[in-house]
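User: I'd like a close look at one spot in this model, followed by a tour of whatever else stands out. Keep it relaxed, but give me the cut-offs behind your words.

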Amino acid sequence: MNDLKTKITWNLSNYCKSECSYCPTSLRGGDVPNDIEEYKRIAQLIIDNYTRMGRTIEWTINGGEPLDIDYFPSFLKLCRENGDRLSLNTNGGKIWMDWWAIEPYVDYLSLSYHYWQQPSLVKYIIQTFQKNNKGLDVIVPIRPDYFDEDINRAIDIENEFSIVVSKSILYNHADPVGGMFPYTEQQLRIIRGEELVAEQQYFESTTHDERYQDTYNSNPSFTGQMCNAGIERLNIGHLGWVSGSDCNNIPLGNIWTPGWTPPTQGQKCGKISCISGSDQQITKFSQ
């Protein structure tokens with residue numbers, strides 16, 4: 001098996017029909033996604049590029065909500081049959097039959113379980129992945145104003161399926177930079193002990209500039225070194241903008257621009273500090 005891996009994280013759109021109360025419109029209020037054949041065309045460009053480089057692809061597919069794109073399984077099929085592994089992040093949709101077409105191409109599922117979802121469909125999806133011995137993470141967003149309802153929904157799944165459910169903290173604008181929703185300390189302790197209480201207290205007792213400096217001072221620096229961004233990692237945002245790393249050191253264009261092609265070489269680091277744990281794992285080397 002080829003040890004040269006390229007991890008591709010693709011946010012297909014910022015379109016979602018579900019309109020969760022805590023989800024900002026920037027992540028769900030976008031235009032109807034492009035035709036699935038356009039996504040497949042870009043996927044084939046990516047596959048051809050990394051195949052020529054002797055690399056295999058590990059896909060992570062996100063939304064908006066991927067299942068709201070028509071004929072989505074055909075896209076999954078193309079990616080999985082031309083890759084080593086595929087992970088899918090989804091709310092599970094609303095149609096049972098979708099999963100007969102989706103499950104064969106998904107190695108790892110991150111399933112978000114929201115307040116509006118049908119418990120019977122969520123349980124069917126979990127049963128299907130457990131039956132086929134596939135990786136699974138169930139994530140329940142916890143609303144502070146409906147705390148007991150959401151916690152109990154998570155606990156019910158844990159008890160029925162003997163799994164640990166990820167109880168997700170909500171942040172303003174879906175970004176930790178914006179701070180947590182107004183949880184009480186007792187709620188945070190129930191979710192994850194003292195860790196979240198300390199995070200909340202740190203946010204409230206520091207300024208944005210202080211947190212910024214702490215972040216940069218506590219992480220390594222690779223300034224001036226070559227980085228395999230775009231070779232080992234490729235991130236595609238919901239509007240099509242491409243980067244080779246979370247820091248977006250050198251932008252790599254937009255997949256919907258005519259003539260766009262994937263990168264074939266790394267880039268020199270121009271950042272003060274490497275603050276992303278994912279970016280720190282990318283190979284760095286001297287010129």
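Where does asparagine 248 sit, and how exposed or buried is asparagine 248?

Analyst: Asparagine 248 is in the loop between strand 9 (242–243) and strand 10 (267–268). Helices and strands here are DSSP runs numbered from the N terminus, with helices being H or I of at least four residues and strands being E of at least two. Before going on: this is a predicted model, where local features need pLDDT of at least 70 and side-chain atom pairs count only at pLDDT 80 or more, while totals for chains, interfaces and linings use all residues. Residues are numbered from 1 along each chain as its sequence is written, and side-chain values use heavy atoms, leaving out hydrogens and water.

Back to asparagine 248, which counts as partly exposed because its relative accessibility is 33%. The scale goes like this: buried is under 20% relative accessible area, exposed is over 50%, and partly exposed is in between (1.4 Å probe, protein chains only). What catches the eye is the backbone: asparagine 248 has a positive phi of about 55 degrees, though it isn't a glycine. Most residues other than glycine have a negative phi, and most peptide bonds are trans.

Histidine 173 does something along those lines, with a positive phi near 60 degrees in a residue other than glycine. You'll find histidine 173 in the loop between strand 6 (166–168) and helix 7 (185–192). At 68% relative accessibility, histidine 173 is exposed. For the peptide bonds, look at glycine 63 and glycine 64: a cis bond joins them, with omega about 0 degrees. Glycine 64 belongs to the loop between strand 2 and helix 3.

That loop leads us to helix 3 (residues 72–81), whose buried residues are Phe72, Phe75, Leu76, Leu78 and Cys79. They sit on the same side of helix 3 because they cover an arc of only 160 degrees around the axis; the arc is taken from the directions from the helix axis to the C-beta atoms. Their cover includes strand 1 (5–11), helix 2 (36–52), strand 2 (56–62), strand 3 (85–90) and helix 4.

Helix 4 (residues 98–102) also holds tryptophan 100, and that side chain is exposed, with a relative accessible area of 58%. Trp100 joins Ile95 and Met97 in a nonpolar surface patch, with about 380 Å² of accessible area together. Those areas come from the Shrake-Rupley method with a 1.4 Å probe, and for residues only the protein chains shown count as cover. Patch members need over 30% relative accessible area and no salt bridge; nonpolar side chains (Val, Leu, Ile, Met, Phe, Trp, Tyr) are joined within 5 Å, and like charges within 9 Å.

Now for the salt bridges, of which the whole structure has 14. The test is a side-chain nitrogen of Lys or Arg within 4 Å of a carboxyl oxygen of Asp or Glu. One of them pairs glutamate 160 with lysine 123 at 3.1 Å, N to O. This pair links distant parts of the chain, since glutamate 160 is in helix 6 (residues 147–161) and lysine 123 is in helix 5 (residues 119–131), 37 residues apart. Glutamate 160 is partly exposed at 44%, and lysine 123 is partly exposed at 28%.

Arginine 143 and glutamate 149 also meet in a salt bridge, at 3.1 Å, N to O. Here arginine 143 is buried, at 6% relative accessible area, whereas glutamate 149 is partly exposed at 42%. Both belong to a salt-bridge network that links Arg143, Glu149, Asp150 and Arg153. Another bridge joins arginine 192 and glutamate 195, with the closest N and O atoms 3.7 Å apart.

What about cysteines? The structure holds zero disulfides, a disulfide being a pair of cysteine sulfur atoms within 2.5 Å. For cysteine 16, the nearest cysteine sulfur is that of cysteine 20, 6.3 Å away. Cysteine 274 has the sulfur of cysteine 247 as its nearest, 6.4 Å away. Cysteine 16 is buried at 15% relative accessibility, and cysteine 274 is buried at 10%.

One last stop is serine 112 in strand 4 (residues 108–112), which is buried at 16% relative accessible area. Leaving aside neighbours within four places in sequence, serine 112 is in contact with Thr90, Asn91, Gln117 and Ile139, where contact means heavy atoms within 4.5 Å.
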